[in-house]
Amino acid sequence: MRKFLFSMILLMLFALSGAQELLDLNKATLEELKQLPIQEEKAESIYEFRYYIKFFDSIYELRDIPGITQNDLNIIKPLVMVSHISKTDEYALRREQTSYLIERLGSNEGFQEGISDIWEDYLVTPRNINKLTFSDVLNMPNTSPLDAAAVLERISFGDSISSYSDLRQTEGISYYGASNLQHYVYYLGQEIDRKLFFNYQMKYDDNPYEEATDLMYKESMINLHAIENSGLNSNSETPRIKKQSYWGYFQMEDYSPSIMNKVRLRYGNIWSAGLLQYNRKGEKPLLFFDDADNKNYLKDLKYYANYEREVFGNDHLSIVVGNFRATFGEGLVMENTDFYNARKTGYGFSKRITGIAEDLSRTQEYALLGAAVQWKNKSFNGSLFFSSDDKDAIVYDSNNDGVLDKNDYLLSYVTMSRRFTNEELEEAENFFQDYEKPGYENPYPINIAPRRDAFNEKLVGGHIEYSPIIGTHLGFTAYEAVYDREFVVDNSNDSLKYLLIKTLYEDGEPVNGNDAEAKWRIADSEIAALYSTKTAKYDNNFRRVIGFDWRTVLNNTSIQGEYAELTVDGKEYKLGDDPKALILSTYTQFENLYLITLYRDYDLDYDNPYSRGFSEHEKFDDTVLDRYAYTLNNPLIADVYINSAQAQAEKGIYIETRYRFNKHLTINRSYLDIWERKSDSRKSVRFQGELDYRPIYALSMRLKYKHQQNRYDDDADRSLSKTNETTGKIVVNLSNFDRISLEYRYTKVWFPPYTYLTNDPEVGGNTIAQAQSLLNADYICVDYTHNFNKNLKVQGSFIYWNGHGASHWDWEDMEIDFLGEKGNKLWLALNTKISDNLYLTLKYRVKHYKTREYEWRAWWNDVGELGDLNYLDRVEKTEHSFRLHLDLRL
């Protein structure tokens, strides 16, 4: 009787709440179903039945759901209805129900470049969980090796998974693993009809260049003393002086926006195809190409065709022709992407999709173009791939004939921020060289420069992996890249430093006291350690890398690692006598806790352009390519660092965790990293911790602290720095999924005493170190998200910051923005579903900021000796940018 009275009271309350319309079981959200007068877990069972089994044809099908009693049916029957759903509507509804996931995947594309395409395909055409291999499950978003092992263990005993509720009952799987996996799979007894899907995406973005790239293009190609001697100051309006940089020569203030057009087709889980056309900022849009551009345009298109099939029972065959991704192990041997991701553990948002997959990402320099095949089952995984593609490179005048051509050597790969044609670059270089006349002389010859499609790379590789038991495997990966030109790094007689840094010559010999001597530091040994195909010891035309990777799952811990070696001059079948890299890591998982430990050790001369291992910094960080773009012989070679995707040579240990004490208190992702930079033995430590307190679910109060110290073992070293950053953030989750947050960040940076602050201009004068530096910076941000309805959402943020010399950054909706010295910024993004198949995102950003004030002097110059040439005043800037993303799905 009490249960009956309680049910009637709930029913009356529900009726009195103002619900006049019946709830449609085929369209209701999970939150709406939870408002029915039944237990919450029963509402979840109704939602899961409709989502993963079938749409309702009759209200009486509720009795087919385990746990739903006749009494439950009697209670909710007057409150619900069942609408007719056609097969076409079913796919439209699935797209609608997963649209928030698709939006979230798109927002991560900068860090999960191209991977979001694969995950979106899984959302629309899910796979039978009972037929997946270990790597298939592990490749799903936010699933761990322990989740994958739990699923495979259960299926191996003949216990198939029939629903999401059934999946949750799998021993060893985490709540997060199951909840993330549910959207990408279907279950026993279900079949997904084969259907043709079409997707077109267009992205328009006119964001300005990032600060480092902007400064690189604006570096003067004329010696400052030459300007002074000409009687013109650096602000002269003389046309030739206005063109003293690449920025001025190419009139880059009027650059065109970046535009991407992407088309993808998919037929069930059998075949797919796609085409990508992408223009970087400043490059000619598709409609403005002339006949001379057609060759480059067609060459830079990305495309693929992929065929997948189950063969011989549960074996999976995949063949990709065109552009493809190849990723194995921990990324030490092969992971072809142009984009760097710091602290890439392979878990969470730094997930790797291992194996062979199609590639329509923006990756260009390290794109693979050819064919790849993959065969896998529960015990074996094998891949073979071949690629032939032209790559951009840094070319230098190795034969000293004054011309950069096919007869010259290469220094390294380069990902160019803007891919000028070789003809454009040569014309600009000739223009700058033309300053060699009285008043305009340029004493620094341009003998090094980037070149587009400078060499051809033919790459052959493969991966073999054997799994004797579930959760355990041993793999072998290797590739060999054959080049049609030589990579040569000349370290004899300081040739490299004079090549990279502006150097005055007399009678063919460098003059003493040049910038090359002052600017070259021990950290630049990372440049000197670049791989050469030709040395005094050997003459190869290839680069060969081999490696082993492994994993084993023991209870709630996964242990994995990879060892890789670059063949140089060691013995063919001996390990350890060539440059090498190693990663060892563990992942331990509990219901409310995870723990990652990772050890890495990369040799300085392990120069593998396709290596994407874990690191704190990208390759060439803090080298002359990073520090002194203004003194490089050609500032464009700074792109080698600016767009570097390789890990820096490091040795260290990293620990990461997250722990949920209870529903009120959580330690969010926190980590400690202690490492040594191999190039100069600089020891550093970085710690970040965040505490999240929720007195109620809708209110989150977070406190985050970050500390980093470089060169912690030597307080007197000039490279020492200490950074402390404290952030307080309040997040309020409102009704209808609205959200507002307020964030304040305080940063403090300390530098040691510096002799240059007190020295007099005489050589050998006062060199006592004095005046240590302490920088303080503030940042405040208000962020708001408002859902007008399920089809229209607005996001926005207002930020004010004052850097005082320290750097600030802001994580926007789908990109990171590095801020200037002082300023404010406002951005608004509109996300709307125009129709069942058409999605539109519009974003506008305006940023007002000031640049830093600079004043410098040399040992031999009195203050003011160079007039306005030794001082740069603050510049106030205002930037407006617009982004559009159109997404059509049929």
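## A first look around the chain

Leaving aside its neighbours within four places in sequence, Tyr 779 touches Glu 743, Tyr 744, Arg 745, Ile 799, Tyr 800, Trp 801, His 808, Trp 809, Asp 810 and Leu 819, where contact means heavy atoms within 4.5 Å. This is a predicted model, in which local features need pLDDT of at least 70 and side-chain atom pairs count only at pLDDT 80 or more, while totals for chains, interfaces and linings use all residues. Residues are numbered from 1 along each chain as its sequence is written, and side-chain values use heavy atoms, with hydrogens and water left out.

Let us stay with Tyr 779 for a moment. This residue sits in strand 28 (residues 773-789); helices (H or I, at least four residues) and strands (E, at least two) are DSSP runs, numbered from the N terminus. Tyr 779 counts as buried because its relative accessible area is 2%. Here buried means under 20% relative accessible area, exposed over 50%, and partly exposed in between (1.4 Å probe, protein chains only). The C-alpha atoms of Tyr 779 and Gly 823 lie 9.9 Å from each other, with their positions 44 residues apart along the chain.

**The whole chain**

Stepping back, the protein chain has 22 helices and 36 strands. Of its 890 residues, 54% are buried. Among contacts with a separation of 6 or more, 65% are between residues 24 or more positions apart. The accessible surface of the chain is about 40,600 Å², and carbon and sulfur atoms hold 56% of that area. Such areas come from the Shrake-Rupley method with a 1.4 Å probe; for residues, only the protein chains shown count as cover.

**Two covered helices**

How many of the 12 residues of helix 9 are buried? The count is 10, so helix 9 is mostly covered. Helix 9 covers residues 145-156, and its end C-alpha atoms are 16 Å apart, in agreement with the 16 Å expected at 1.5 Å a residue. That expected span is 1.5 Å times one less than the number of residues. Among the buried residues of helix 9 are Pro 145, Leu 146, Val 151, Leu 152 and Ile 155. The buried residues pack against helix 8 (134-138), helix 10 (164-168), helix 11 (175-181), strand 18 (542-554), strand 19 (557-566) and strand 20 (580-589). After helix 9 comes Gly 158, with a positive phi near 80°.

Helix 7 (residues 115-124) is mostly covered too, with 10 of its 10 residues buried. They include Ile 115, Trp 119, Tyr 122 and Val 124.

**Charged pairs**

Side chains of opposite charge can pair when their charged atoms come close. A salt bridge here is a side-chain nitrogen of Lys or Arg within 4 Å of a carboxyl oxygen of Asp or Glu, and this rule gives 44 salt bridges. The table shows some of them.

| Pair | N to O distance |
|---|---|
| Lys 131 and Glu 310 | 3.8 Å |
| Asp 359 and Lys 302 | 2.9 Å |
| Asp 453 and Arg 419 | 3.3 Å |

Asp 359 is in the loop between strand 10 (355-358) and strand 11 (368-376) and Lys 302 is in strand 8, so their salt bridge ties together parts 57 residues apart in sequence. Asp 359 is buried, at 1% relative accessible area, and Lys 302 is buried at 7%.

Asp 453 belongs to strand 14 (residues 448-469) and Arg 419 to the loop between strand 13 (410-413) and helix 17 (422-433), so this pair ties together parts 34 residues apart in sequence. Both Asp 453 and Arg 419 are buried.

Are the partners in the pair of Lys 131 and Glu 310 buried or partly exposed? Lys 131 is partly exposed at 32% relative accessibility, and Glu 310 is partly exposed at 39%.

There is also a network of salt bridges, whose members include Asp 117, Glu 120, Arg 127, Lys 262, Glu 308 and Arg 889.

**Neighbouring strands**

Strand 6 (residues 258-267) and strand 7 (residues 271-279) run antiparallel, joined by 9 bridges; two strands pair if DSSP finds at least two bridges between them. Leu 265 has Ala 273 in strand 7 as its bridge partner. The hairpin of these strands has 3 residues between them, and there Gly 268 takes a positive phi near 55°. Strand 7 is also joined to strand 8 by 6 bridges, again antiparallel, and Trp 271 has Tyr 307 in strand 8 as its bridge partner.
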